[in-house]
Amino acid sequence: MVKHALPILLSTLVCTSAQSALDAAAGPFPFRDRSLPLEARVADLVGRMTLEEKVAQMFDKAPAIERLGVPRYEWWNEALHGIARAGTATVFPQAIGLAASFDRQLVYQVATAIATEGRAKHHDFRARGTYSMYTGLNYWSPNINIFRDPRWGRGQETYGEDPYLTGRMAVSFVRGLQGDDPQALKTGATLKHYAVHSGPEPSRHSDDYSAGDYDLYATYLSAFETVIRETHVHALMCAYNAVNGVPACANRRLLQDILRGEFGFDGYVVSDCGAIADIYKTTAHDYVEGTAEAAAMAVKAGVDLECGDADGSAYRDLPGAVAGGLIDEKTITAAVTRLMRARFRLGMFDPDGGSHAGHDISQVGSPAHLRLALQAAKKAIVLLQNDGVLPLAKNASIALIGPNADNVDILLANYHGQPVNPATPRQALLARGDTLLFSPGSALAGDIYTHYETVPGTAFSHRSNGEKRPGLIAQYYPAPDLTGDSVKTEVVENIDKAWRRSPVNGRDDDAFGVRYTGFFTPAASGRYRFGGNVNLSLDGRPVSGPIALQGGRPYRFEGVLAIRRFWHANAIEPRARLSWLDLNRDLAGEALSAAAKSDVIVFMGGISAKLEGEEMTVAVAGFDGGDRTTLAIPAAQMALLKQLKSTAKPLVYVNFSGGAVNLEWPKANANAVVQAFYPGEATGPALAQILYGEYSPSARLPVTFYRSVDDLPAFKDYSMAGRTHRYFSGRPVYAFGAGRGFSEFDTRIIDVARTGSPDRALRLSVELHNKGAMDAEEVLQLYVEPGAAQGREIQALKHFTVAAVAAGERQVVTVEVPAHELVFRDRNGRKKPYHGPVNFRLGHKGDPKALKFRVNFKH
């Protein structure tokens, strides 16, 4: 068979004249009349479209329909923990850090702020005629997959390993993102990735995962069901992988029988980007013969919108599929109706932009949002153990050591915007005026270093009229490959520049290129490595790795910056930076010297999103395509930690990662252990406040911290047996739900009552006594230990709540568990109510102060 490639659809900006034509064409069509019912408006618009026009609207890069006054629309946008890939926006903690807060109200507030910034940016872009990717109102967030295996690099994007925690956090996020009016959405949320999706990354386009009905309903679909039943969630994204032999984006059982039939989902479904092509490609599922068959199968299964990639749009073949009898136009019309309904609910066909059009760009990075980012960062950081070394003494001298102490990557994680006011731990501690000696100490992992610095202007020069002048000559071109004539030339001090808009034509999202020429003269001889996003040549030779340079010698310099439109590197608020690394430094020696001169060592290590993430090309031992192959602390860091331990100085270990790392050595050897995840742009101030005891941490682990991948089944084994706190019978380093603060709480159960009819719900009255000297929050966690006769779980989280209690005070907290949560899943995944005596526990597994009780449920 011949499988035909499709051309890539290129995004173009709508010019002012074209927009004027659209406005003129809008005319008096009934779908423009806001007084009409929503469904009547949708039907009127869709009924005016030809088959070809309808099909064109089913691609994420939907073109304008000028005769109807419908503007082009790019559906793809991201808002995982802040507006992403659209320039400046407040960067909140990564989703895994938000989950660690166990605070539903906080997640709602964060999502509300994200939606406000999204609306503000959207209307700001539209005011300038910008309609490109990452400027729309449909956000492909949140990621509610279950973080079942710590090797998965995208687990950082999730709310952890527990379906109940994930569902509750996602409900709050969706409500915050969409607002209070289901008919007039603030922005649109998208649940992803449906379903049975959590790595490995390198093989995600071709893998076929087996999941029996028990695991399917009890784990992989549980959070989806919760959010769909409790919110009018706007959209859902189907996954790359196949499930039980059928590609997820062609899986009628998942998308029709369960999603729309059982769960009652009434939004639209979008494919993950390139997933429709995966249905037919021989390098992926090879499930059907070609694009027309794949497109027809996906639409009939329930996928309304295709997000394409380098393979273009398979949906472009839908008219031919209709002609060939593979699908009928009625099915296509139903899909487009769902898509247009979504756009109407967002106010896109209202002349004033709808009821949420009043947001303006001043709200992006507002003081209120930055305060919320700091609050969220503090509530995302887990204190795991402390022998009294924390809080630090105010006058203590600190050896701040570790590759993540001054690494901006640990603030951002993945799917992020450009932060408004970012502060690394080092920057925050220096801003306080602390006595601080800093050294990165080691590589992050392999040859990945974090202490690159911008190449200073003193190293650059050029010649003008035969004389040496400071700086480089920068020539600007309208094409990233530097073709055509340059349109602007200037002298720049160095290569470290952020533009609000294109320096070539002033537009928001236009590709361009810059050539930098002159001379580069290093001050000292040695070995160096360059970084940043500029490709450079010295004396006509490309530089791509470590290079030996002679101090004082001028090298002929050429650097090329190429700003392109692409899904992960667009041209909105472009930046240019050339940085370098001095490979001659004795990093370990510097660290040990700093430790010898200080009272306490604060080591900030772990990994970063430069090592773990989505389908990456990282070539470092311990990492594979964005995933991890080991849970060990990277070897270079581990060697340095052992040397630092030998100094006998108090050691505080702060770990940054998107999931579990083996913290067995820090647990046994450090005086305090902190798990920070990726806390957002306020990471530095948040950590400083915790280290000095100005805030009592309340975060808890949303994942189990294992010792080794050897404790787990194979990565591609999607059975839940032996995974997560619900099924893992081994001894973890730190348990799901673990965490502590600086205040000690006494907890007492005052009363346990069954409520409702017939006594199927549960109400607890719990007294919390804050015995410490600090105001603090406590996270109450209620688990059930059902026993083998009532499901397969060793334990199940059934409720959590955060309670703030003033120092020395007592507070009674009511814990209510509705009847629909007091259930287990049978072998077919169906819910069954608990019966007979059932054991409960208030407190995480392994908590010596956990309180146990039993409730007898009648049949």
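Student: Which order do the six strands of the open sheet with β9 follow, and how are they paired?

Tutor: This is a predicted model. In the model, the order is β9-β29-β28-β25-β10-β11. The pairing is mixed.

Student: What makes β9 and β11 edge strands?

Tutor: Each pairs on one side only. β9 covers residues 382-386, and β11 covers 436-439.

Student: How do you know that β10 and β11 pair?

Tutor: Count the bridges. Four bridges link β10, residues 398-401, to β11 in the parallel sense. Pairing takes at least two bridges, so β10 and β11 count as paired. One bridge sets Ile398 against its partner Leu436 in β11.

Student: How far are neighbouring strands of this six-stranded sheet turned against each other?

Tutor: By 15 degrees on average, direction ignored.

Student: Which strands does helix α20 touch as it packs on the sheet?

Tutor: Helix α20, residues 683-691, touches β25 (600-606), β28 (651-656) and β29 (672-675). The direction of α20 makes about 150 degrees with that of β28.

Student: Now the sheet with β3. What is its strand order?

Tutor: β3-β5-β8, an open sheet of three strands with parallel pairing.

Student: Why do β3 and β8 stand at the edges?

Tutor: β3 (190-194) and β8 (268-271) each have a single partner strand, so one side of each has no neighbour in the sheet. Neighbouring strands here are turned by 25 degrees on average, direction ignored.

Student: What makes β3 and β5 a pair?

Tutor: Three bridges join β3 to β5, residues 235-238, and the two strands run parallel. At least two bridges are required, so the pair qualifies. Leu191 stands opposite Leu236 in β5.

Student: Which residues touch the most other members of the largest nonpolar core?

Tutor: Tyr194 and Met340, in a core of 133 residues. Contacts of Tyr194, leaving aside neighbours within four places in sequence, include Leu221, Phe224, Leu236, Cys238, Ile258 and Phe263. A second, separate core has 43 residues, among them Ile381, Val389, Leu400 and Tyr695.

Student: Why is the link of Cys238 and Cys249 called a disulfide?

Tutor: The sulfur atoms are 2.0 Å apart. The cut-off is 2.5 Å, so the pair counts as a disulfide. The angle about the S-S bond is 105 degrees, and the link is right-handed. Cys238 lies in strand β5, and Cys249 in the loop between β7 (246-247) and α9 (252-262), 11 residues apart. Both cysteines, Cys238 and Cys249, are buried.

Student: How do you know that Cys273 and Cys307 are bonded?

Tutor: Apply the cut-off again. Their sulfur atoms are 2.0 Å apart, and the limit is 2.5 Å, so Cys273 and Cys307 form a disulfide. The link is right-handed, with 90 degrees about the S-S bond. Cys273 sits in the loop between β8 and α10 (275-280), and Cys307 in the loop between α11 (291-301) and α12 (318-323). The two are 34 residues apart.

Student: Are Cys273 and Cys307 buried or exposed?

Tutor: Cys273 has a relative accessible area of 8%, and Cys307 has 0%. Buried means under 20%, so both are buried.

Student: What pattern do the disulfides follow?

Tutor: The structure holds two. With bonded cysteines counted along the chain, the pattern is 1-2, 3-4.

Student: Is Gln795 buried or exposed?

Tutor: The relative accessible area of Gln795 is 2%. The limit for buried is under 20%, so Gln795 is buried. Gln795 lies in the loop between β32 (776-785) and β33 (796-805).

Student: What makes the approach of Gln795 to His725 a polar contact?

Tutor: The distance between the side chains is 2.7 Å. The cut-off is 3.5 Å for a pair of N or O atoms, so 2.7 Å falls within it. A polar contact of 2.4 Å joins the side chains of Gln795 and Arg841. Beyond four places in sequence, Gln795 also touches residues including Tyr783, Pro786 and Lys845.

Student: Why is Phe566 called partly exposed?

Tutor: The relative accessible area of Phe566 is 47%. Buried is under 20% and exposed is over 50%, so 47% falls in between. Phe566 is placed in the loop between β23 (555-563) and β24 (575-582).

Student: How far apart are Phe566 and Met133?

Tutor: In sequence, 433 residues. In space, 9.0 Å from C-alpha to C-alpha.

Note on methods. Residues numbered from 1 in each chain as written. Predicted model: local features only at pLDDT ≥ 70, side-chain atom pairs only at ≥ 80, totals over all residues. Heavy atoms only, no water. Axes fitted to C-alpha atoms, helices over the stretch in contact; angles between N-to-C directions. Buried < 20%, exposed > 50% of the residue type's maximum accessible area, 1.4 Å probe, protein only. Polar contact = N/O pair within 3.5 Å; in protein donor to acceptor, adjacent residues only side chain to side chain. Contact = heavy atoms within 4.5 Å. Core = buried A, V, L, I, M, F, W, Y, C linked by side-chain atoms within 4.5 Å.
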